[in-house]
Amino acid sequence: MDFVADEHQHIRYNPLKGEWILVSPHRMKRPWSGQMESITTEKVPEFDPQNPLCPGVKRANGMVTDNYDSTFVFDNDFPALLEDVPSPEKSDDPLFQMLPATGKCKVMCFHPKSNVTIPVMTLEEIVAIINKWIEESITLGQKYVWVQIFENKGAIMGCSNPHPHCQIWASSFLPNEPRVKDVQQKEYYIKYGTPLLMDYATRELQNKVRLENTMPNILCIFHISDLQSIFFLDLVKS
């Protein structure tokens, strides 16, 4: 019997993390493929006077959200990271170690209306969001080694507020996932003299085994112009 990758179990190397992962493709033949969730039909109002992310509404800490008409960024009222906190004492015990952790957490509202999410926004509104992401990344990146912008969407993902928004976290340390991937990419570059991700993208394009489509500028988009970004957004929305 000859080995077939999409039929027979094997372990596969993840070069970004230096890990070997078990792949069991034959398990896809199981009759149960997971629980199916029904689509929510809850109507989100355009404005909710009780929603602290809506313009002009008082938040839990007594602050009033600005009457914004585009994007709006403010410091998280309940941040996971603070800028000024005491540092833990150094321990000589190799099993019990702590290091200082400082940072800044922000909330960014995408739009003043609660019922307007990114998929239904105009391209100009989406470009404004991306430009604000870039601005915040550059500003916070001047002080912190890591800036992460992410969106938890839906109650199942831990998002308690339906208003279109995201989180911006900046930290004085690299989180575990990017730290490991940073080490792996550095080691690859030292050994081969080329960037790991560029080589990986090149191999995928050459092999043409796992590509879902061949649309231009999807694998890699860096330093694109405003016109190119609008074209790309239009392509994604369509």
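Reader: Is Gln184 buried or exposed, and what is the relative accessible area of Gln184?
Author: The model is predicted. Gln184 sits in helix 2, residues 176-192. The cut-off for buried is under 20% relative accessible area. Gln184 falls under that cut-off, so Gln184 is buried, with a relative accessible area of 17%.

Reader: Which backbone oxygen lies 3.3 Å from a polar atom of the Gln184 side chain?
Author: Leave out residues up to four places away in sequence, and Gln184 touches Tyr13, Pro15, Leu16, Lys17, Gly18 and Leu196. One of these residues offers its backbone oxygen at 3.3 Å from a polar atom of the Gln184 side chain. That backbone oxygen belongs to Pro15.

Reader: How many residues apart in sequence are the parts that Lys17 and Glu177 tie together?
Author: The side chains of Lys17 and Glu177 meet in a salt bridge, 2.8 Å from N to O. Lys17 lies in the loop between strand 1 (10-14) and strand 2 (19-23), and Glu177 lies in helix 2, so the pair ties together parts whose separation in sequence is 160 residues.

Reader: Which residues join Glu177 in one salt-bridge network?
Author: Start inside helix 2. Glu177 and Lys181 both lie there, four residues apart, about one turn of the helix. Their side chains meet in a salt bridge of 3.8 Å, N to O. Salt bridges that share partners then join Glu177 into one network with Lys17, Glu19 and Lys181.

Reader: What are the relative accessible areas of Glu177 and Lys181?
Author: Partly exposed covers the range between the buried limit of 20% and the exposed limit of 50%. Glu177 is partly exposed, at 41%. Lys181 also counts as partly exposed, at 27%.

Reader: Which residue forms a salt bridge with Lys132?
Author: Look in helix 1, residues 123-141. Lys132 and its partner both lie there, three residues apart, about one turn of the helix. The closest N and O atoms are 3.4 Å apart. The partner is partly exposed, with a relative accessible area of 41%. The residue is Glu135.

Reader: What pattern does the protein chain follow along the sequence?
Author: The protein chain has four helices and six strands. Read along the sequence, they follow β-β-β-β-α-β-β-α-α-α.

Reader: What share of the exposed area do carbon and sulfur atoms supply?
Author: Of the 238 residues of the protein chain, 23% count as buried. The chain exposes about 17,900 Å². Carbon and sulfur atoms supply 57% of that area.

Conventions: Residues are numbered from 1 along each chain as its sequence is written. This is a predicted model: local features need pLDDT of at least 70, side-chain atom pairs count only at pLDDT 80 or more; totals for chains, interfaces and linings use all residues. Side-chain values use heavy atoms; hydrogens and water are left out. Helices (H or I, at least four residues) and strands (E, at least two) are DSSP runs, numbered from the N terminus. Buried means under 20% relative accessible area, exposed over 50%, partly exposed in between (1.4 Å probe, protein chains only). A polar contact is a pair of N or O atoms within 3.5 Å; within protein, one must be able to donate a hydrogen and the other to accept it, and residues adjacent in sequence count only if both atoms are side-chain atoms. Contact means heavy atoms within 4.5 Å. Accessible areas come from the Shrake-Rupley method with a 1.4 Å probe; for residues, only the protein chains shown count as cover. A salt bridge is a side-chain nitrogen of Lys or Arg within 4 Å of a carboxyl oxygen of Asp or Glu.
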